[in-house]
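Visitor: Hi, I have a structure to look at and I am new to this. Could you walk me through it, starting with any term I will need?

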Amino acid sequence: MSSGTGMRIVVTGATGNVGTSVVRLLSEDPEVTSVLGLARRLPDWSPPKTDWSAVDLASEESGLSEQFQGTDAVVHLAWAFQPTHDPAATWRTNVLGSMRVFEAVAAASVPALVHASSVGAYSPGPKDRAVDESWPTHGWPDAAYCREKAYLERALDTFERDHPERRVVRMRPAFLFKRESASEQRRIFGGRFLPGPLARPELLPFLPDIPGLRVQALHTDDAANAYRLAVRSDVRGAFNLAAEQSVDAQVLGEMLGARPVRLPRTAARSAIAAAWGLHLLPASPHLFDAVLRLPLMDCTRARAELGWRPEHTATEVLEEFFQGLQQGAGARTVPMRGRKVG
């Protein structure tokens with residue numbers, strides 16, 4: 001932490017689901033003097049103490065070292081989920097872009113790097129018990145998202161070895177939702193023109209109950225608070241982040257008033273693969289395969305060392321998100337723009 005004058009923080013991917021929450025919380029923190037948000041497209045939104053700069057991490061001319069000069073911490077959130085049919089494109093942004101961030105952190109002598117990893121970085125694991133941060137992070141190799149998150153875990157291993165003077169924190173959150181993210185996430189995973197029947201229980205005659213489909217969720221603001229605490233503390237290493245209670249078809253059925261009906265994995269995957277192959281669905285069947293194999297996470301370390309507690313339960317998170325889907329909720333940034341469809 002800077003002495004006397006407070007902290008200067010740079011946030012990459014500052015206009016997305018997580019970035020907007022992180023920027024807002026940092027701008028409200030009295031220990032933070034200034035926040036610089038980096039994004040490809042500048043937003044029509046300016047919280048207190050916040051400046052913006054247009055940066056494309058996929059570009060070799062991003063000028064990150066200059067942006068990072070005099071910074072106390074870099075929070076690296078930038079990530080491209082699409083196009084799933086062109087993994088080379090996401091690799092350029094997510095992996096090569098992240099490598100440029102890591103190199104710039106070292107070149108600018110930034111004391112701390114807080115990196116957005118994910119539950120998706122974990123190797124397949126159990127659904128009947130929770131694993132801690134020591135679980136292997138080799139991802140699910142067939143899914144680009146998991147493959148890229150896992151690769152960056154190895155890149156950070158090398159970075160920490162070569163730059164032990166830099167404090168590195170890896171956040172591994174569960175699936176992140178908030179009301180304002182509804183339109184963005186519908187476009188990313190369901191497509192631009194997908195109506196929102198899932199948010200309207202009366203239109204759901206039944207809910208598919210797929211073996212292995214048991215996951216964890218977290219409110220984006222709760223995740224953002226963990227990032228803020230990591231910036232302000234001296235912690236290092238990885239932290240699992242998830243709300244209480246995992247989510248499966250039974251939980252969703254009770255919440256939406258829909259009857260769970262068992263559906264074989266193969267039938268569900270075939271339908272997703274067909275829609276993805278026809279470019280009707282952005283989410284790939286490979287990501288579906290990965291989700292069925294993700295372990296449940298134990299968040300004891302975040303509670304003990306960060307003093308972090310999620311304020312929202314998993315069902316509260318999803319209820320808020322479904323309301324956002326119904327209302328076409330969004331925010332004043334290009335990735336988060338709202339739009340009601342159907």
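Guide: Let us start with one term: two strands count as a pair if DSSP finds at least two bridges between them. Please keep in mind as we go that this is a predicted model.

Visitor: Okay, so how many bridges join S1 to S4?

Guide: Strand S1, which covers residues 7-12, is joined to strand S4, residues 73-76, by four bridges, and the two strands run parallel. Within this part of the model, Ile9 stands opposite Ala73 in S4.

Visitor: And which helix packs on the sheet there, touching S1, S4 and S5?

Guide: That is helix H3, made of residues 87-107, which packs on the sheet and touches S1, S4 and strand S5 (112-116), while its direction makes about 175 degrees with that of S4. Helix H6, residues 220-232, also packs on the sheet, where it touches S1, S4, S5, strand S7 (167-173) and S11, and its direction makes about 165 degrees with that of S7.

Visitor: What order do the strands have in the whole sheet?

Guide: The sheet is open and has seven strands in the order S3-S2-S1-S4-S5-S7-S11, with parallel pairing. Strand S3 (50-54) and strand S11 (237-241) stand at the edges with a single partner strand each, so one side of each has no neighbour in the sheet. From one strand to the next, the twist averages 20 degrees.

Visitor: Changing topic: how much space lies in the second largest pocket?

Guide: The second largest pocket holds about 270 Å³ of space. Its lining consists of 23 residues, and those nearest the centre are Phe81, Thr84, Ala144, Tyr145 and Ser284.

Visitor: Which element gives the most to that lining?

Guide: Helix H4 gives the most, with four residues. The elements that contribute two or more residues to this lining are H3, H4 (144-162), helix H5 (182-190) and helix H9 (285-291).

Visitor: How do the lining residues divide into nonpolar, polar and charged?

Guide: For the second largest pocket, the lining divides into 14 nonpolar, six polar and three charged residues.

Visitor: One last thing: is Val251 buried or exposed?

Guide: Val251, which lies in helix H7 (residues 249-256), has a relative accessibility of 13% and therefore counts as buried, because buried means under 20%. Leaving aside residues up to four places away in sequence, Val251 touches Gln245, Ser246 and Thr315.

Visitor: And how far apart are Val251 and Lys49?

Guide: Val251 and Lys49 are 202 residues apart in sequence, and from C-alpha to C-alpha they are 41 Å apart in space.

Technical notes: Residues numbered from 1 in each chain as written. Predicted model: local features only at pLDDT ≥ 70, side-chain atom pairs only at ≥ 80, totals over all residues. Heavy atoms only, no water. Axes fitted to C-alpha atoms, helices over the stretch in contact; angles between N-to-C directions. Contact = heavy atoms within 4.5 Å. 1 Å grid on protein atoms, 1.4 Å probe; cavity = no way out; pocket = protein on both sides within 12 Å on 5 of 7 lines; lining within 4 Å. Points joined across faces, edges and corners; volume = space filled by probe spheres on them. Nonpolar A, V, L, I, M, F, W, Y, C, P; charged D, E, K, R; others polar. Buried < 20%, exposed > 50% of the residue type's maximum accessible area, 1.4 Å probe, protein only.
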